[in-house]
Every structure is written in C-alpha cells, then in structure tokens.
Amino acid sequence: MDPVHSLLSRLRANSDFMRCVAAWERLPARPPRTVPWPTGLDPRLIAAVQRLGIEAPYTHQAEAVEAALAGKNVVLATGAASGKSLAYNLPVLQTLLTDPTATALYLFPTKALAHDQIAALERLTRALGTPIPVAPYDGDTPTAQRSSIRTRVQLLVTNPDMLHLGILPFHTRWARFLSGLRWVVLDELHVYRGVFGSHVANVLRRLARVCRFYGARPRFLCASATIADPQGLAQRLLEAPVHLVEDDGSPRGEKHFLLYNPPLVDPVLGIRRPLLLTALDVARPLLEADLQTVFFTRSRLSTEVLLGYLRDMMAALGRDPSVVRGYRGGYLPNQRREIERGLREGTVRAVVATNALELGVDIGQMTACVILGYPGSVSSTWQQAGRAGRRAGTSLVLLLAGSSPLDQYLASHPDYLLRRPVEEALLDPNNPVILGDHLACAAYELPFERGEPFGALEDVEALLRLLAEEGAIHSSDGRYVWVGEDNPARAIGLRTGTSDIVVIQDVGSDPPQVIGELDRFSAPLLVHPGAVYLHEADTYLVESLDWEVGLARVRAADLDYYTRASTTTTVEVLRTAETRDLGGWSLSVGQVEVTTRVTGYRQIRRYTHEVLGWGEVNLPEQRMETVGVWLELGEDLTEHLREAEILRPPVDYGPDWPARRDEVRARDGYRCRHCGMPEREGRQHDVHHIVPFQAFGYIPGVNDLYKLANRPENLITLCPACHRRAERARGARSALSGLAYLLRNLAPLHILCAPGDLGVAVEARASLGLPRVTFYDAVPGGVGLSARIYSLLGPRAEGGPSPLLLAALERVQTCPCEDGCPSCVGPVGEQEVGTKARTRELLRALL
C-alpha cells in the first residue's frame, strides 16, 4: 500500500480523529482526453512539443489554440496543472515564427510565476531549434540590461506593476516593441479582482491607448483557475468579446478532501482547540510518513508561528528542522527562489505559506495540503487544494475549520463548499479614485484629445477638468496635456492603493542587513516599536519604526512569545447615495471616511497562547475615503429593544473600580491623556480601559480578574469627547457587536472576498443617538463589496427575507455554546453576559 493510502487507513481507524471529520470527499482519478493537433498549427511547433514528450493536446488546449489562430481573444478556465500555458504559448510562438517584427507581452501577477514561465518557454524554444528572444523585465532586472532588452526582445515577460511603472510612462523607448505588439497574455486571471483587478483593468486601458498610437491592436490570451463567469471577468478587464474554453480534458489523480472541525475543549464556552495547535496535531503523521506537505495559513503572523512549531516538532523527531520552510510576502526574492527550488527538488519536505503560494508557481508534486481556516472563497479553497497531487497519484487535502462563524457554518453545511459553484470575481474599474489616478497616468503618457474615450468610457471630460483644476494637466481648446512635475505612476500602487513600503533592517548584524519589507498599511500592525517580527521562524524585536523614512529597525532576540496589535477604527458618513426604509430600521449606502489607528499590542506566549502583557503604540492615524453600507435602528425599534434589555446593560467593573478610577485621574493630573483638556467643574473625566475590560473574562463571584483589567497601566483618563471616539472605535460589546461580528464573517458566503476585505464599525449612539452598524470596503474608493452587502441585507427582489440575516440567525441558533463563542457572536470575554441571546433577538427583530 502506498504511503498516502496507508495514512488514510490509519486516520479512518482513529475514532478520535473521525469524530471531528465533518466531511470526507473522494474525488476519483480522471483519465486524459486528447485530440489531434489543430490543422492550422505550424508543423515545426508540433514537432518541438512532441520532442518534449507531448504527443497530442488535451481537448481544451486544442480548442484554445484553434480559437486564437482564428483571431479571437480567449480565456481558458481549467484546473491546476491542466497545461494552460502550452495552450497560449503555441499561438504566440506561431506568430513570432512567421513574423520577425511581431512581439508579445506576457503579464503574470508575481515575479515567481514570470520566471517559471521563462524557464518553460526556453525549454520549448530549445526544442524548436529557432531562437526567439525572450526576456524578463521586472524590478530585479539589472539596469545595465534594460536597454538591450528593449531593442532586441520579441517576447517580454513582466507583471502589471512593471507595465504600469516602467513601460507605459516610458513608451517612447518601447516604440519598436509596442508597434509590433500582436499578443498579450494574462495568466492567473482570477486574481485580478477587487482593488488589484480594478487597477489592472485601467492599466490595460492605458496599454490599448498607447498601442493605438503606435498602430497596434493586440489580441489577448487569458488563463484562469475555475471561477464563476470567467468570460465575464475577462470581458470586464479587456472591454472586448472573449471566447471561453472551460471543458477540461487533462487527467487528475485521486484526491481525498477532508473537512476537519477541531474538537471542543470547552463546550460551555464553545472554545475549540486552537487552529495552530490542531495543524500541529495533523502535521505529525504527515511528516512522520515523509509526505511532502504545504500548509496554507491566513496571515503572515500565523505562517511564522506555525513554522516555528513545526521546526520544533522535527527536532523532537530527530529530523532536520531546516527541511521545513516558510513562504510569504516580505521575503526577499532570492530567498523565495531558493525555497521554490527546494520544493521542486524535494529537499524541502514541508512549507508553511500564505496565499502567496496559491498561484501556479512550479513547486513540484506536493502530496498533501493542509489549509488552516476557510480561505474566504470556494475558488481559493480549490486553488490551494490543487497544490496537492497536481500531476498524478493519490493526494490528501485537509481543511481545518477555524472558530469563526463562517468556518463553523461550513463545518455544519459541508455541501455548501463541496457542491456549490465557485464565486464570481468583482472589480470596479470605474471606481472614481482609481479611475482618476489612471487618467492622470494616461495624460502623462499621451495628451487627451477632445472627445477621446478611455477604454469603454466614452466621456471622461468631467474627470479631466477636475485634474486640470488641480493643476496637474493643462486644458487648451479641449485638449488636455500633462504639466505636472513628476510621473504620477510612481505614487500609485496597484495592490495596496499606495506604492509606499517599509523596509525591515536587522541592526544587530554587521553591517546592518535588510531582511524584508512590508506595505505601509501593514507596518503599524507588524513592526510597531515593541513588536516581535517573525522571519523564517527567527524572532526579532522591533526597536524603532521611522514612519517618515519608512524604516523599521529590528534586532534578533530569543523570545518565547509573539505580539498581536490592537486597532481602533472610526467611520464618518460623508455622503448618502441611497436609503431603504425596512420597517423599524433603515439601510443606506454611500461615501464614508475611515480612520484607523494602532493603539496597543499584546504579548502572547507560544503554544499556550496566554497573554503575558501589553503595551501602547503611538503612530499616526491612517485615513481613507471608501464606500460603506450602514444599518441603523429606528427610534421605536431602539426603544423597544432597550426596554426588552436586548441592547447593552451596564458593565460591572469590579468592587475596586471607584478607587482605581480616582487613582488614575489623579495620576494623569485630571487631564485628558489624548487632547490635554482639564476636567471642568461638575463633570469628571472618564477612565478608559486600553485593553477592553471584557477581554479579561471577569465573572462576579467566580474570579477576581477585574484586578488585572483595572491595573493603572491599562487605564487612561479621557475627556467625554475623546472617550466617545474611543468607545465608538471599539464598538459597543453587545448585541450590536454580535450582529456585526456575524455579518462580517458570513458575508464571504455570498461575495468573493475574505472577511478582512470588509471593515466594520459599531456605534451604540450614532446620528440622533440611535444605534448603527457600518460595513465598508477596506480599500480607498471601494471595489463594489459594500454595494453587494447593501443588496444582501435587504429583502430579496422576489420576496422573502435577507439571505445574510437568515444565515446569521441560523448560526446563532445552531451554535452549541451557551453564551457566545468565536463561532457565533464572538468570544466570551469580548462580549457581555447574555450577548448571544440578545443578538438572536435583535436578528429576529430585523427579520
């Protein structure tokens, strides 16, 4: 019996393991379906491919080649390792073989994918025996080589970021290449969604505009993982008709997909075994059997913590810990290439990764895949699962359900995951913030003539006039010419809304070395002063963060804990676009301003996950305008809910609270620690808990944890205005916060996003003193998520209640905990006593 079937047999015989298996799905092996080579394909190419061991194409490859040779734009949407790259390489190479002036542009979302494809192209051109100049062009390309690449390359391999920053603004240097451009290849099309996809759609508008200037009209070949409506996504990106190929003729090895729900360790509190420790449990038999395994985590921090745990396990087993590696954004390019090579060659036996490894980088044949928590979409789940058994043989996929309402909903409804079609990717290329940025870039590249469209947008006159008012472009006789001082593309990042990064420097090495980098938005969370920065399981203590320069200084330290930052968020409604009265409550959508600030951090011990201490963080606020949707309770419903004690009762802060409160006010000189305002006669200042009081789990008559919560170092004096802002940012821990927690976590059931793509803010007293819950797109300008939430929270068009509210009510009603847990309304300790019942009644009132 092979090692995988042997392990599966042992797992089936383990009653403790099987008790936690919510679903076990066997996906049978699938034989290949091949057809003759398309008649229009150059015999030299057929011979070259056959020399590489490919005798005949799969059905989908032949269909894609035929459509491309017929002059159509094509999108190929088939499974992992189905040979999509061959399907777009063949028509491109045929054009380049027959026309030496023709050129082609390959766009990949990551450098790693681009370098993989270059290796595959070089193998094919060697077999062909005809030299075709192929070259990469990205941030790692040496400056000395760039000029020669521009003059000789026929097939350029790059990424959208480099096209945006390094090619289009300097198109005159690329005149030869752009005038001959016949093909553009977009691989991993499914990642072009949300803010990134909206940016890329506008970069493609700019590319088409510059190509027209040089007399070229390239066609597009797209490759995508399985998503709903890949043709629609391609047509929204390209703004042109696209031929769809999705009948997959490639073979597939047998795959076992297990949905595993960690055991309850406290049924009363609804607490399950932590996800990282559960991953450690399932990793042991996989690593003991020497099955090459990829572990997918949801965050950079989880990647590093689990990596450390697995290396400790390997050392305890008497194995070499270095055969387990990490892989995430922030690692330097040479380090990532080394890890990828180790995976292909088999010297790396396990890798812990974020979704940075979800895309099709060649990492060889992984036998097992462990996914820590639902990735946020059915599409991403199958993408990650496709990393195991990509070529042949039996493979194993373990999806470990987290404690969130979404994960627990899937654990009790596994058919939703296993039988449901994958989601549709959302993007909004006409987002005014993104569109305005790219119009500025386009004007820098070429003047806009009177009435000139931008992509499918026939009229962009109003936005161009706005840019002219700001002084960036000059308007003369209806013609708009760039007059700004700098290239506007430099200020625009396609993935984060900013091109800013923070460099992480190890000051303990001689000389100091750069060990990684972060986008500026993530920096306050991960490299604030006092943070523990984890890199390949090594621990570094952050000594300082120079916000202006963008430099975090760290020093290696042997620590038994890691840190997790806390943030406060406030949301202000700027403009209301539409409001619906839903009887007792209303739903609105419009523009909002979100202000976020990292306020402190907790020190968390490895393995036990107990909180050892906390610290304050003093970094600038970050503001953005975006789109939000807010649910506001009406006056009558609010009064009814308060009378029924469904809305927030008073909090018992413990018997020492009056004395502690007076002590802290005196310590702070009876002044607000935030704005400096002194107390006024007749109104004492408030005393605020830095780490929320409820987080300490005080239960009157049961424990004395109020003493820990009420320590002076966890308390600050605030004036009423600053205290309201702080409480509004934190959110009233009540039925409102239970509702917000549920809806934010369950939203990905209906839209292609992760919970982190949506922000939420709870206000116990918003406008007119009424309760409000606001959801917002977590990117500047928004990308269409809030608009979908707006439609999902209201009644269905055909009648019947909101599907999102129904799913939330079902989760509360079926969760086995007594009074709230991470799987329904939020962890006990972060919620007040009775929050679960109050949230249930609030949902019934809304429905």
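This briefing walks through some backbone features, salt bridges and one serine of the structure above. The model is predicted, and every value given here was computed from it. Across the whole structure there are 34 salt bridges, of which a few are described below together with the surroundings of the residues that form them. The backbone also holds a cis peptide bond between Asp 510 and Pro 511, as well as a positive phi at Glu 188 and at Glu 239.

**Backbone geometry**

- As background, most residues other than glycine have a negative phi, and most peptide bonds are trans.
- The peptide bond that runs from Asp 510 to Pro 511 is cis, and its omega is near 0°.
- Pro 511 lies in the loop that comes between strand S19 (501–506) and strand S20 (513–519).
- Glu 188, although it is not a glycine, has a positive phi, with a value near 55°, and this residue sits in the loop between strand S6 (181–186) and helix H10 (194–213).
- Because its relative accessibility is 10%, and buried means under 20%, Glu 188 counts as buried.
- Glu 239 likewise is a residue other than glycine with a positive phi, near 55°, and its place is the loop between helix H11 (230–238) and strand S8 (243–245).
- Glu 239 has a relative accessible area of 31%, so this residue is partly exposed.

**Salt bridges between distant parts of the chain**

- Arg 209 and Glu 452 meet through their side chains in a salt bridge, with a distance of 2.6 Å from N to O.
- This pair links distant parts of the chain, since Arg 209 belongs to helix H10 while Glu 452 lies in the loop between helix H18 (432–445) and helix H19 (461–469), and the two are 243 residues apart.
- Both partners of this bridge, Arg 209 and Glu 452, are buried.
- Another salt bridge brings together the side chains of Arg 479 and Glu 449, at 2.9 Å from N to O.
- Here too the pair links distant parts of the chain, with Arg 479 in strand S18 (residues 479–482) and Glu 449 in the loop between H18 and H19, 30 residues apart.
- Arg 479 counts as partly exposed because its relative accessibility is 35%, and Glu 449 is also partly exposed, with a relative accessible area of 39%.

**A further salt bridge and a network**

- The side chains of Glu 713 and Arg 711 form a salt bridge as well, with 2.5 Å between N and O.
- Glu 713 is partly exposed, given its relative accessible area of 40%, and Arg 711, at 33% relative accessibility, counts as partly exposed too.
- Elsewhere, Asp 290, Arg 319 and Arg 349 are joined into one network by salt bridges that share partners.

**The surroundings of Ser 82**

- Ser 82 is found in the loop between strand S2 (74–77) and helix H5 (84–98).
- With a relative accessible area of 1%, Ser 82 is buried, because buried means under 20%.
- The side chain of Ser 82 makes a polar contact, at 2.7 Å, with the side chain of Thr 78.
- When residues up to four places away in sequence are not counted, Ser 82 touches Tyr 58, His 60, Gln 61, Asp 248 and Ser 250.

Note on methods
Residues numbered from 1 in each chain as written. Predicted model: local features only at pLDDT ≥ 70, side-chain atom pairs only at ≥ 80, totals over all residues. Heavy atoms only, no water. Helix = DSSP H or I, 4+ residues; strand = E, 2+ residues; numbered from the N terminus. Buried < 20%, exposed > 50% of the residue type's maximum accessible area, 1.4 Å probe, protein only. Salt bridge = Lys/Arg side-chain N within 4 Å of Asp/Glu carboxyl O. Polar contact = N/O pair within 3.5 Å; in protein donor to acceptor, adjacent residues only side chain to side chain. Contact = heavy atoms within 4.5 Å.
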